[in-house]
Each structure stands twice: as structure tokens, then as C-alpha cells.
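I opened this notebook to keep track of what I looked up, one entry at a time. The entries go from the sheet to single residues and then to the whole chain.

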Amino acid sequence: KQPRFNISKRVNNFQLGPMLTDLTGKDTLTGTAQMKADLTSMGSTPDSMKRALNGTLDFTFKNGAIKGINLAQMIRDAKASLGMGKASKSKEAPQTDFSEIIGHAKITQGVVNNDVLKIKSPYLRAGGQGTANLVSEQLDYKIKTTLVKSDTGQGGGDLKDLQGVPIPMHYKGSFEQISNFKNWSIDMQDVAVQKGKQELEKAISDKLLGKPGKDKKDSKSGDLGGLLKDKLKF
């Protein structure tokens with residue numbers, strides 16, 4: 001009367017895209033996957049099985065893309081909305097390319113708590129954590145993205161000035177609306193503060209190491225106090 005399920009499985013080197021398409025009808029994630037799942041559930045309908053789902057999941061995805069989300073373009077749009085850059089339509093595919101994603105999740109009564117997520121790509125590094133409710137299909141997720149040095153690709157061009165600066169991003173909403181930029185919040189004020197700190201640290205480091213600055217008089221005098229006073233103007 002009440003079917004029960006117990007799944008303990010480890011799978012290696014399988015293509016994630018075709019499997020997700022078969023299971024959900026959507027091609028949302030591609031790449032080569034390794035997964036370890038220890039799951040239990042019970043119920044006679046998909047919804048009841050989701051509500052009763054418990055267990056843990058460890059996964060590694062390599063050389064693929066998260067489709068429907070372009071993190072770099074979202075950052076460009078956020079910059080433009082605050083007057084920090086020009087708005088532009090991206091010719092890139094609406095996806096985030098990655099070389100590796102590593103994560104761990106604990107599932108309790110159909111709610112996935114993903115406390116560890118690390119994303120690496122040729123142009124960014126990101127870490128995230130949050131929850132996904134499989135029953136209501138609602139996501140509450142925070143990602144901190146750092147762009148690495150790249151002249152080309154998704155993180156190049158007009159994002160050079162933000163390379164090395166942590167960028168806090170937050171999504172709260174339905175699974176279906178995750179690709180909508182308006183549903184994301186990006187704390188560009190915090191980005192500006194972090195960028196200012198990095199510039200100040202670099203200026204102090206250059207001064208202490210005796211590297212010449214733009215102001216020759218200042219670089220010869222060794223007046224660190226004067227440098228700080230200049231850099232801390234608002």
C-alpha cells in the first residue's frame with residue numbers, strides 16, 4: 001500500500017545532459033558527472049515521494065555548462081543598472097560554462113540543503129550555498145562569484161575592472177524563473193567597497209615595497225600618511 005525506496009548508488013563518468021532530459025524533459029545542465037547518492041523515500045505518487053525524500057548526495061560535474069544562466073552577463077546588467085557600465089545585449093549563449101562543479105547536499109523531507117558548492121571555469125570561481133524545495137519548486141540560493149583574469153570569453157572585456165573582486169549574488173524564487181535577471185539581487189555596493197579595499201591594499205603594498213607611484217614626489221617622500229589620506233577621500 002505504501003511503496004518504500006532505498007537507493008545507495010555510485011555512478012561514474014556518465015553524460016548528465018541526456019539523463020536530465022529524460023527525467024525532466026529539460027536540458028539544463030551538461031557535462032560528465034560522478035555522483036554518490038544515499039536516498040530513502042516512500043509514496044505512491046511523484047509528489048508524495050518528493051515530500052518523503054531524505055538522504056545525502058555528493059557530486060562532481062566536469063567540462064559542461066549550466067544552461068539558462070549567464071553569471072557574467074548578469075554582472076554586466078547589474079553594473080549597467082547602477083550606471084557603472086553600458087547596457088549591452090550579449091551575443092553569448094544564455095549559459096555559464098564550467099570546467100568543474102563540486103558539491104554536497106543533504107535532503108530532508110524533500111528540501112535539498114546544499115551547503116557546499118564550488119564552481120571553476122576559465123574565467124571565474126564561485127562558491128555557493130542554499131536550499132531547494134523539491135515540492136514547491138522554490139530556490140533560495142547565495143553565490144559569491146570572483147572573476148579571474150581573462151581577456152576573452154564570458155568574463156573578459158568590460159568586466160576587467162571587477163577581476164579579483166568577490167561579487168555576492170542571491171536568487172530567491174521558482175525553478176522556472178531562475179534565468180530571469182530581475183529575480184536576482186547583486187550587491188554592487190559591496191562590490192565597490194571590496195574593490196576600493198583592494199586598490200588601497202595594492203597602493204600601500206607598492207608604497208612599502210618602494211614601487212614608484214603615479215606621483216613622483218609622493219613616491220620619493222615615503223609619506224605613507226599622505227598616501228592614505230589621498231586614497232581614503234570619499
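**Entry 1: the sheet**

I began with the strand order in this predicted model, and I found an open sheet of nine strands that runs β1-β2-β3-β4-β5-β6-β7-β8-β9 with antiparallel pairing. I then looked for the edge strands, which are β1 (4–15) and β9 (184–186), each of them pairing on one side only. Between neighbouring strands of this sheet I noted an average turn of 15°, with direction ignored. For background I wrote down that strands of a sheet pair through backbone hydrogen bonds, either parallel or antiparallel.

**Entry 2: β6 and its two partners**

I followed β6 next, and on one side I found it paired with β5, where residues 111–120 of β5 and residues 124–133 of β6 run in the antiparallel sense over eight bridges. The two strands form a hairpin with three residues between them. I looked up two bridges of this pair: Lys120 has Arg125 as its partner in β6, and Val111 has Asn133.

β6 also pairs with β7 (residues 138–147), again in the antiparallel sense, over 10 bridges. One partner I looked up here was that of Thr131, which is Asp140 in β7. The hairpin of β6 and β7 has four residues between the strands, and in it Glu137 takes a positive phi near 55°.

Which residues of β6 lie on its covered face, and which on its uncovered one? I listed Leu124, Ala126, Gly128, Gly130 and Ala132 as covered, and Arg125, Gly127, Gln129, Thr131 and Asn133 as uncovered. In a regular strand the side chains alternate between the two faces of the sheet.

**Entry 3: Ser41**

Is Ser41 buried or exposed? Its relative accessible area is 9%, which is under the 20% limit, so I entered Ser41 as buried. Ser41 sits in strand β2 (residues 29–42), and a polar atom of its side chain lies 2.7 Å from the backbone oxygen of Met49. Leaving aside neighbours within four places in sequence, I found Ser41 in contact with Pro3, Arg4, Phe5, Met49, Ala52 and Leu53.

**Entry 4: the core and the whole chain**

The largest nonpolar core has 43 residues, of which Phe61, Ile101, Ile119, Ile167 and Met169 touch the most other members. Not counting residues up to four places away in sequence, Ile101 touches Phe59, Thr60, Phe61, Ile66, Leu117, Lys118 and Ile119.

I closed with totals for the protein: it has six helices and nine strands, and buried residues make up 33% of its 234 residues. Its accessible surface comes to about 14,500 Å², with 54% belonging to carbon and sulfur atoms.

Definitions and conventions. Residues numbered from 1 in each chain as written. Predicted model: local features only at pLDDT ≥ 70, side-chain atom pairs only at ≥ 80, totals over all residues. Heavy atoms only, no water. Buried < 20%, exposed > 50% of the residue type's maximum accessible area, 1.4 Å probe, protein only. Areas by Shrake-Rupley, 256 points an atom, 1.4 Å probe, with all protein chains shown as cover. Core = buried A, V, L, I, M, F, W, Y, C linked by side-chain atoms within 4.5 Å. Contact = heavy atoms within 4.5 Å. Polar contact = N/O pair within 3.5 Å; in protein donor to acceptor, adjacent residues only side chain to side chain. Pairing = 2+ DSSP bridges. Axes fitted to C-alpha atoms, helices over the stretch in contact; angles between N-to-C directions.
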